[in-house]
Amino acid sequence: MCSSDLGMAADGGAEGDANSPPSAARVFYFIADTSQNAWTVAVVDPAAATPTVSSFGIDALSALSGPGGTQKGPAWQDGVVSTDGKRLFVNTGNATHKVAVLRTQPPGLEVLLDVGKSPVHIYNPNHGKEIWSHADDEGAFYVIDQATLAVGKPVVAALQNKGHGKLIYADELGSNYYATNVADPGAFAIDGAAKTPPVFLPLCATACKDDPATLGDESTATCGGTHEKAYNPKKDLVIFQCAGATAGKYAFVQGKTKQVVKDLVPISGGTAFTPHNEYILVIDGAKGKVGIWDTAKSGHDGIAFDATVAIDKTPSQRGTDFHQNAQGHWEAWIPQSAGTQLAIVDLVTLATTTVEITPVGDTPVP
């Protein structure tokens with residue numbers, strides 16, 4: 001089985017860098033060939049006569065994931081581009097616990113860095129000097145100096161030292177970052193400059209369900225978690241999707257004061273947003289609806305949707321992208337988890353058109 005798990009432009013990014021849209025520069029595709037235990041990188045220049053510029057394997061990763069290692073095979077995770085565009089930082093999965101650092105010119109592996117267990121998402125906050133790699137098995141961010149490649153002491157954003165998490169940042173917030181964690185009923189406020197222990201903000205919480213088969217009363221404990229995220233600069237609202245026991249709800253926190261503004265608001269779906277948060281979408285595939293926050297709209301309060309659009313065939317947050325059309329309007333390009341179409345929504349007029357494409361497939365969003 002061969003699959004391309006990640007593609008990114010030399011000045012764009014994946015999960016960790018949604019505020020930096022890729023250009024038409026060289027694109028790096030990260031290919032996991034499980035049948036051959038091969039970690040491969042293909043470099044493509046869309047403007048070149050021969051688009052594939054180069055292709056290379058990373059034997060050091062194959063040794064870690066093969067018969068002499070975990071025997072789990074290759075599994076690329078998230079990737080992000082350095083601020084100067086000279087390096088790519090890519091998390092690797094299947095118990096390799098590494099960040100692969102690649103040169104963009106000439107393309108090739110520079111070094112493998114040791115980070116925490118199960119790194120998934122990775123970020124270049126505000127296009128600064130650091131890369132933040134999140135280790136899910138530890139609920140911690142490993143901070144990498146982009147210039148020296150030194151890996152600093154982990155910043156733990158977890159109550160139980162575990163949990164899948166994401167990082168929230170914005171130019172307007174400066175070095176005030178926030179983190180989600182699916183294992184904890186709350187979020188974490190992080191001083192990105194000082195890297196002191198984060199402040200836990202209780203939200204997205206509810207009493208756990210009691211298990212009648214056990215002696216203890218689990219309902220005295222608190223359950224819930226946080227997963228997807230966004231930032232509304234016009235209202236200075238950090239937006240959290242609740243997870244676990246409080247799934248189907250959202251919470252809102254004042255970014256600069258860290259005060260919870262609204263908690264457990266009934267909203268379903270995952271977030272996607274334009275490069276500078278002009279529009280924030282909540283895409284609910286199960287209901288076939290897209291809620292839209294138009295952050296510049298008159299009367300926008302940051303909680304109620306400014307518009308909603310119905311999309312048939314299970315719209316998917318995963319793979320949603322944004323482009324500006326000839327009128328300068330932002331469009332959301334939303335693939336389907338079922339069906340063979342891509343929905344294109346003009347976020348100004350709300351006009352929706354569909355384009356026939358190959359099936360996307362229902363791939364879970366980590």
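## Disulfides, fold and backbone exceptions

The disulfide of C204 and C242 is left-handed, because the torsion about its S-S bond is about -70 degrees. A disulfide here is a pair of cysteine sulfur atoms within 2.5 Å. The model is predicted, so local features need pLDDT of at least 70 and side-chain atom pairs count only at pLDDT 80 or more, while totals for chains, interfaces and linings use all residues. Residues are numbered from 1 along each chain as its sequence is written, and side-chain values use heavy atoms, with hydrogens and water left out.

**Exercise 1.** Place C204 and C242 in the chain, and state what their link ties together.

*Solution.* Step one is the bond itself: C204 is joined to C242, with an S to S distance of 2.0 Å. Step two is the location. C204 sits in the loop between strand 16 (199-202) and strand 17 (206-207), and C242 belongs to strand 20 (residues 237-243), so the link ties together parts that are 38 residues apart in sequence. Strands (E, at least two residues) and helices (H or I, at least four) are DSSP runs, numbered from the N terminus. Step three is exposure: C204 and C242 are both buried. Buried means under 20% relative accessible area, exposed means over 50%, and partly exposed lies in between (1.4 Å probe, protein chains only).

**Exercise 2.** Describe the link of C208 and C223: is it left-handed or right-handed?

*Solution.* The sulfur atoms of C208 and C223 are 1.9 Å apart and form a disulfide. The angle about this S-S bond is 105 degrees, and the link of C208 and C223 is right-handed. C208 lies in the loop between strand 17 and strand 18 (222-223), C223 lies in strand 18, and the two are 15 residues apart. On exposure, C208 is buried at a relative accessible area of 12%, whereas C223 is partly exposed at 27%.

The loop between strand 17 and strand 18 also holds T220. T220 is exposed, with 67% relative accessibility. From T220 to C208 the C-alpha distance is 7.0 Å, at a sequence separation of 12 residues.

**Exercise 3.** How many disulfides are in the whole structure, and which pattern do they follow along the chain?

*Solution.* The search of the whole structure gives 2 disulfides. Counting bonded cysteines along the chain, the pattern is 1-4, 2-3.

**Exercise 4.** Compare the radius of gyration of the chain with that of a compact globule.

*Solution.* Take the secondary structure to begin with: the chain has 1 helix and 30 strands. Next, apply the globule rule, which is 2.2 Å times the number of residues to the power 0.38, with the radius of gyration taken over C-alpha atoms. For 366 residues the rule gives a value near 21 Å, and the chain has 21 Å, which agrees. The C-alpha trace spans about 55 × 50 × 40 Å along its principal axes.

Then look at burial and contacts. Of the 366 residues, 50% count as buried. A contact means heavy atoms within 4.5 Å. Among contacts between residues at least 6 apart in sequence, 41% join residues at least 24 apart.

**Exercise 5.** Which residues does L149 touch, leaving out those up to four places away in sequence?

*Solution.* L149 lies in the loop between strand 11 (140-145) and strand 12 (155-156). L149 is buried, with a relative accessible area of 12%. The residues it touches are R87, F89, V101, E110, V111, L113 and I144. L112 is 37 residues from L149 along the chain, with 10.0 Å between the C-alpha atoms.

**Exercise 6.** Describe the backbone at P106, N277 and K313.

*Solution.* The background is that most residues other than glycine have a negative phi, and most peptide bonds are trans.

- The Q105 to P106 peptide bond is cis, with omega near -15 degrees; P106 is in the loop between strand 7 (98-104) and strand 8 (107-114).
- N277 has a positive phi, near 60 degrees. N277 lies in the loop between strand 23 (270-273) and strand 24 (279-284) and is buried, at 6% relative accessible area.
- K313 has a positive phi of about 65 degrees. K313 lies in the loop between strand 26 (307-310) and strand 27 (321-324) and is partly exposed, at 45%.
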